[in-house]
Amino acid sequence: MNHAAVIGTGSCLPKRIVSNRDLEQIVDTSDEWITSRTGIKTRRIAGAGEENFHLAAEAARQALEMADVPAQALDLILVATITPHMIMPSCACFVQAEIGAEKAFAFDINAACSGFLYGLDLADKYISTNPDMKILLIGSETLSARVDWQDRNTCILFGDGAGAVVVSGSTNRGIRASNLYSDGRLWNLLYMNSADSMNPELQQEQEGCYMQMSGPDVFKFAVRSMEDSIRRLLHRENLSIDDLALVIPHQANVRILNKLSERLSIPEDKMFINVDRYGNTSAASIPIALDEVNRKNGLHKDDMILLCSFGGGFTWGALLMQW
Ligand code: ACO
């Protein structure tokens with residue numbers, strides 16, 4: 001049986017670094033409050049020439065170069081995002097045009113912060129029926145375009161960036177198992193309106209097309225849901241935390257990740273954290289982290305890596321990958 005195995009990784013962060021001190025100039029907050037509640041110190045914010053698809057395409061170029069796969073050889077491009085710069089065409093189609101992947105078909109996935117995990121699972125399903133496929137999967141966001149910069153509850157949390165992987169079929173490494181969930185009844189804990197409807201009969205009162213969040217509820221649900229999905233996945237695969245080389249979680253908040261480590265007894269050196277530098281980049285956070293570890297030679301042949309996430313929807317899950 002063939003599985004999707006990562007053969008190249010890449011990432012792209014906007015040039016501009018925004019510190020907590022910079023945010024003190026915009027909203028009533030402090031470096032001390034942000035650091036103690038979230039662990040975030042800086043985030044990258046996109047500027048001119050750094051639209052979502054620009055970041056995504058640059059991350060893709062790096063991943064393709066590492067994989068030694070020309071863009072023309074790609075069969076499929078998937079982009080996990082909740083912040084495409086247009087509703088139509090998809091961000092994936094823009095990436096296709098940017099990198100010149102004429103042979104590929106391309107589409108976006110909206111599963112909020114769990115989009116990259118859902119995308120890996122989907123890529124694995126394509127590979128299982130067509131092992132020769134070369135698939136480019138990107139998580140890419142410009143959340144700075146969709147937060148209310150007057151709202152201190154949300155604007156301090158998010159950042160922009162993109163991460164990418166190229167996957168192809170392998171019989172001895174790759175995705176081993178996944179465990180994905182969603183619960184649409186919880187949509188109002190975390191959501192983002194789209195622009196006003198042009199159909200007068202469908203127009204609704206809304207707060208603006210910004211990220212809206214019930215922070216403490218999201219916090220509790222994030223810890224519970226990731227803990228549960230990891231426990232179930234490890235149990236199903238007859239593995240324990242000791243069998244894992246590394247856990248790469250969605251980077252939302254250091255306190256969430258510390259709680260998760262505490263509940264599952266994950267040693268500090270097995271839990272990868274970079275949210276302090278990039279903030280929450282939603283669907284981009286896991287592939288950015290994966291690329292960072294990979295480029296520092298932090299992953300070794302046969303390492304068992306666990307990815308986990310939660311996000312708007314609600315969506316959540318865990319995935320095991322053998323390197
Ligand atoms: N600076 C200073 N004070 C603030 C700020 C700020 N930036 N933001 C909120 N406060 C105030 C609040 O107004 C409140 O004041 P009050 O008591 O006078 O009303 C006080 O701080 C405490 O607010 P809480 O919401 O109780 O603070 P909490 O400890 O829960 O931390 C936080 C808030 C950081 C948002 C936390 O709930 C959290 O991290 N939740 C999860 C958020 C998350 O991960 N969201 C995204 C996930 S999905 C995705 O990735 C898209």
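A salt bridge is a side-chain nitrogen of Lys or Arg within 4 Å of a carboxyl oxygen of Asp or Glu. The exercises below use a predicted model.

**Exercise 1. Salt bridges around Arg21**

Task: Decide which side chains meet that of Arg21 in a salt bridge, and where the partners lie.

Solution:

Step 1. Begin with Glu24. The side chains of Arg21 and Glu24 have N and O atoms 3.0 Å apart, and the pair forms a salt bridge because the cut-off is 4 Å.

Step 2. Place this pair in the fold. Both residues belong to helix H1 (residues 20-24), where they are 3 residues apart, about one turn of the helix. An α-helix has 3.6 residues a turn, so residues three or four places apart point the same way.

Step 3. Check how open Glu24 is. Its relative accessibility is 26%, so Glu24 is classed as partly exposed.

Step 4. Turn to the other partner. Asp31 also forms a salt bridge with Arg21, with the closest N and O atoms 3.9 Å apart. This pair links distant parts of the chain: Asp31 is in helix H2 (residues 31-38) and Arg21 is in helix H1, 10 residues apart.

Step 5. Classify Asp31. With a relative accessible area of 15%, Asp31 is buried, because the limit for buried is under 20%.

**Exercise 2. A pair within helix H3**

Task: Describe the salt bridge between Arg61 and Glu58, then place the two residues in the fold.

Solution:

Step 1. Take the distance. The closest N and O atoms of Arg61 and Glu58 are 3.1 Å apart, and the two residues form a salt bridge.

Step 2. Find the element. Both are in helix H3 (residues 52-67), and because they are 3 residues apart, about one helical turn separates them.

Step 3. Read the accessibility. Arg61 is partly exposed at 35%, and Glu58 is partly exposed at 29%.

Step 4. Return to the network of Exercise 1. Salt bridges with shared partners join Arg21, Glu24, Asp31 and Lys41 into one network. The whole structure holds 18 salt bridges.

**Exercise 3. The interface between the domains**

Task: Describe how domain 1 and domain 2 meet, and state how many salt bridges are counted between them.

Solution:

Step 1. Set the bounds. The domain assignment gives domain 1 as 3-172 and domain 2 as 176-195 + 207-322.

Step 2. Locate the domains. Their C-alpha centres lie 15 Å apart. Domain 1 gives 48 residues to the contact and domain 2 gives 44 residues.

Step 3. Give the area. The two domains bury about 3,600 Å² between them, with 63% of it on carbon and sulfur atoms.

Step 4. Count the polar links. Between domain 1 and domain 2 there are 0 salt bridges, while 22 residue pairs are in polar contact across the interface.

Step 5. Name the elements on the side of domain 1. Those that give two or more residues include strand S1 (3-12), helix H5 (115-129) and strand S7 (160-170). By class, this side has 20 nonpolar, 18 polar and 10 charged residues.

**Exercise 4. Is helix H10 enclosed or open?**

Task: Use the buried residues of helix H10 to decide.

Solution:

Step 1. Count. In helix H10 (residues 285-295), 10 of the 11 residues are buried. Among them are Ile286, Leu290, Asp291 and Glu292.

Step 2. Conclude. Helix H10 is largely enclosed by the rest of the structure, because so many of its residues are buried.

Step 3. Look past the end. Asn297 follows H10 and has a positive phi, near 55°.

**Exercise 5. Three buried residues**

Task: For Asn179, Val27 and Cys113, give the location and the contacts.

Solution:

Step 1. Asn179 lies in strand S8 (residues 174-182) and is buried at 8% relative accessibility. Its side chain reaches the backbone oxygen of Ser229 at 3.1 Å. Beyond its neighbours within four places in sequence, the contacts of Asn179 include Arg232, Leu233 and Trp316.

Step 2. Val27 is in the loop between H1 and H2 and is buried, also at 8%. Val27 touches residues including Trp149 and Cys155. The C-alpha atoms of Val27 and Cys155 are 8.8 Å apart, although 128 residues separate the two along the chain.

Step 3. Cys113 is in the loop between strand S5 (105-109) and H5, and is buried at 10%. Its contacts include His250, Asn280 and Phe310. The C-alpha atoms of Cys113 and Gln251 are separated by 9.1 Å, with the two residues 138 residues apart along the chain.

Definitions and conventions. Residues are numbered from 1 along each chain as its sequence is written. This is a predicted model: local features need pLDDT of at least 70, side-chain atom pairs count only at pLDDT 80 or more; totals for chains, interfaces and linings use all residues. Side-chain values use heavy atoms; hydrogens and water are left out. Helices (H or I, at least four residues) and strands (E, at least two) are DSSP runs, numbered from the N terminus. Buried means under 20% relative accessible area, exposed over 50%, partly exposed in between (1.4 Å probe, protein chains only). Domain bounds come from an automatic or database domain assignment. Contact means heavy atoms within 4.5 Å. Buried area is the accessible area (1.4 Å probe) that two parts lose on being put together, summed over both. A polar contact is a pair of N or O atoms within 3.5 Å; within protein, one must be able to donate a hydrogen and the other to accept it, and residues adjacent in sequence count only if both atoms are side-chain atoms. Ala, Val, Leu, Ile, Met, Phe, Trp, Tyr, Cys and Pro count as nonpolar, Asp, Glu, Lys and Arg as charged, and the others, Gly among them, as polar.
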